[in-house]
Amino acid sequence: MLKAGAAAGAVAAGGLLGPAPLQAAAKMKGGQVPGYYRFMLGDFEVTVLSDGAYTLPTSLLGTNVPRETVTAYLKANLLDTEERVSHVNIPLINTGKELVLVDVGGGENWMPTAGKLADNMRASGYEPEQVDTVVLTHGHPDHLWGLIDEFEEAPRFPNADYVIAANEWDFWTTDKAMTTLPEMFQGFAIGARKHLPPVAEKTRRIEPGGEIVPGIMTVDTPGHTFGHMSLAVTSKGETLLVTSDAVTHPYISFEHPGWWPRTDLDSAMAEKSRRKLLDMAATDGHLALVYHVSFPGLGRVAPKGAAYRWVPETWQWEL
Ligand SMILES: [Zn+2]
């Protein structure tokens with residue numbers, strides 16, 4: 001039988017190359033899978049949502065060290081020496097009583113490769129209307145410009161209350177931003193002034209360091225911006241440190257926390273905050289969520305010499 005089948009196939013294919021294929025080539029699908037990743041932190045369910053990614057020139061890295069030193073370091077880690085891809089990983093925390101979103105991504109009008117937060121939220125099973133509280137860690141576009149819709153009118157999370165540091169609110173809603181920011185970042189000021197006023201009535205302006213809802217504490221980490229906040233999320237003895245932009249690069253921020261990125265408004269203050277957070281994470285073994293490293297941005301901070309090393313968490317399939 002086998003012999004006869006093989007012979008028939010050879011005849012059908014019209015040659016000596018064997019049987020003709022039984023199906024056409026599969027069509028390529030294109031596109032990427034939805035960007036969300038879920039895990040339990042004690043009794044809290046955390047869903048990391050991707051807002052997409054964007055690229056930045058490496059000239060923004062390590063501005064207080066010689067350019068050759070930065071380039072050599074990037075090369076040694078097999079990283080591109082011209083551009084870096086920055087992911088945007090945003091936590092959505094369900095405490096069982098409240099749904100808390102920490103930052104809102106860049107929205108539709110910032111970068112074509114970002115603004116995917118709402119789509120990924122829906123793919124993860126949540127709706128923007130369900131969000132109770134939005135915490136704004138700081139006023140930069142990749143964290144803020146998803147606040148109102150693409151027509152720049154209505155809040156995208158219509159039923160939420162908002163929380164931001166009082167001095168951060170003040171900086172971005174007055175002339176301070178425009179007069180303080182270097183020219184290359186002045187567009188940030190124009191955008192923030194469009195996005196914050198529509199939620200003014202529903203925004204709680206706080207002094208960082210307090211609790212937002214039970215289990216979610218703010219940590220004062222100024223420097224990246226003056227009112228920049230991080231979060232410590234704790235349930236049943238497990239803590240997740242949400243660093244926001246006190247930590248930004250998967251290698252440099254950890255191994256060289258003293259190298260200053262140009263994106264920090266007050267570099268020395270930002271370095272102090274970065275070292276404080278890294279020390280907390282390394283000393284207590286806390287899980288950390290870093291916004292701009294590879295999705296989902298979860299990992300731990302291990303000591304390495306006088307500094308640290310980023311150890312990404314293994315993807316888990318069971319909650
Ligand atoms: Zn950022």
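**View A. Asp245 and the zinc site in the predicted model.** Asp245 counts as buried because its relative accessible area, 4%, falls under the 20% limit used for that class. In this predicted model, Asp245 is one of the residues that coordinate the zinc ion through their side chains, the full set being Asp142 (OD), His143 (NE2), Asp245 (OD) and His292 (NE2), at 2.0 to 2.3 Å. Along the chain, these donors follow the spacing D-H-x101-D-x46-H. Distant parts of the chain are thereby linked by the pair Asp142 and Asp245, which are 103 residues apart, with Asp142 in helix α4 (residues 141-144) and Asp245 in the loop between β11 (238-244) and α8 (252-255). Asp142 is likewise classed as buried, at a relative accessibility of 6%.

**View B. Angles at the zinc ion.** Which geometry do the four donor atoms of the zinc ion give? The angles among the four donor atoms run from 85 to 166°, and the site is irregular. The tetrahedral class requires all angles to lie between 85 and 135 degrees, and the upper end of the range at the zinc ion, 166°, therefore does not meet that requirement. As a reference, the ideal angle for four tetrahedral donors at a metal is 109.5 degrees.

**View C. Strands β12, β13 and β14.** Strand β12 (residues 287-290) runs antiparallel to strand β13 (residues 298-304), and two bridges join them; Leu289 stands opposite Leu298 in β13. On to strand β14 (residues 307-312), β13 is joined by six bridges, again in an antiparallel arrangement, and Pro303 has Tyr308 in β14 as its bridge partner. β13 and β14 form a hairpin with two residues between them, and Gly305 in the turn has a positive phi of about 55°.

**View D. The largest pocket.** The largest pocket has a volume of about 360 Å³, and among the 22 residues that line this pocket, those closest to its centre are Tyr54, Leu56, Leu60, Phe188 and Thr263. At least two lining residues come from each of β2 (44-57), β3 (83-94) and α4, and β2 gives the most, with four residues. By class, the lining of the largest pocket comprises twelve nonpolar, seven polar and three charged residues.

**View E. The second largest pocket.** A volume of about 290 Å³ is found for the second largest pocket, which is lined by 14 residues, with Gln32, Val33, Gly35, Ser50 and Gly52 closest to its centre. β2 supplies the largest share of this lining too, with three residues. The lining of the second largest pocket divides into six nonpolar, seven polar and one charged residues.

**View F. Enclosed cavities.** How many cavities of 30 Å³ or more does a search of the whole structure find? There are three, of which the largest holds about 60 Å³ of space and is lined by Leu61, Gly62, Thr248, His249, Ile252, Ser253, Trp259, Trp260, Pro261 and Arg274. By class, this lining has five nonpolar, four polar and one charged residues. The second largest cavity has a volume of about 40 Å³, and its lining consists of Asp51, Val104, Gly107, Glu108, Gly115, Leu117, Ala118, Gly146 and Arg156, which divide into three nonpolar, three polar and three charged residues.

Terms used. Residues numbered from 1 in each chain as written. Predicted model: local features only at pLDDT ≥ 70, side-chain atom pairs only at ≥ 80, totals over all residues. Heavy atoms only, no water. Donors = N, O, S within 2.8 Å, 3.2 Å for Na, K, Ca; no water. Tetrahedral: all angles 85-135°; square planar, octahedral: opposite > 155°, others 65-115°. Buried < 20%, exposed > 50% of the residue type's maximum accessible area, 1.4 Å probe, protein only. Pairing = 2+ DSSP bridges. 1 Å grid on protein atoms, 1.4 Å probe; cavity = no way out; pocket = protein on both sides within 12 Å on 5 of 7 lines; lining within 4 Å. Points joined across faces, edges and corners; volume = space filled by probe spheres on them. Nonpolar A, V, L, I, M, F, W, Y, C, P; charged D, E, K, R; others polar.
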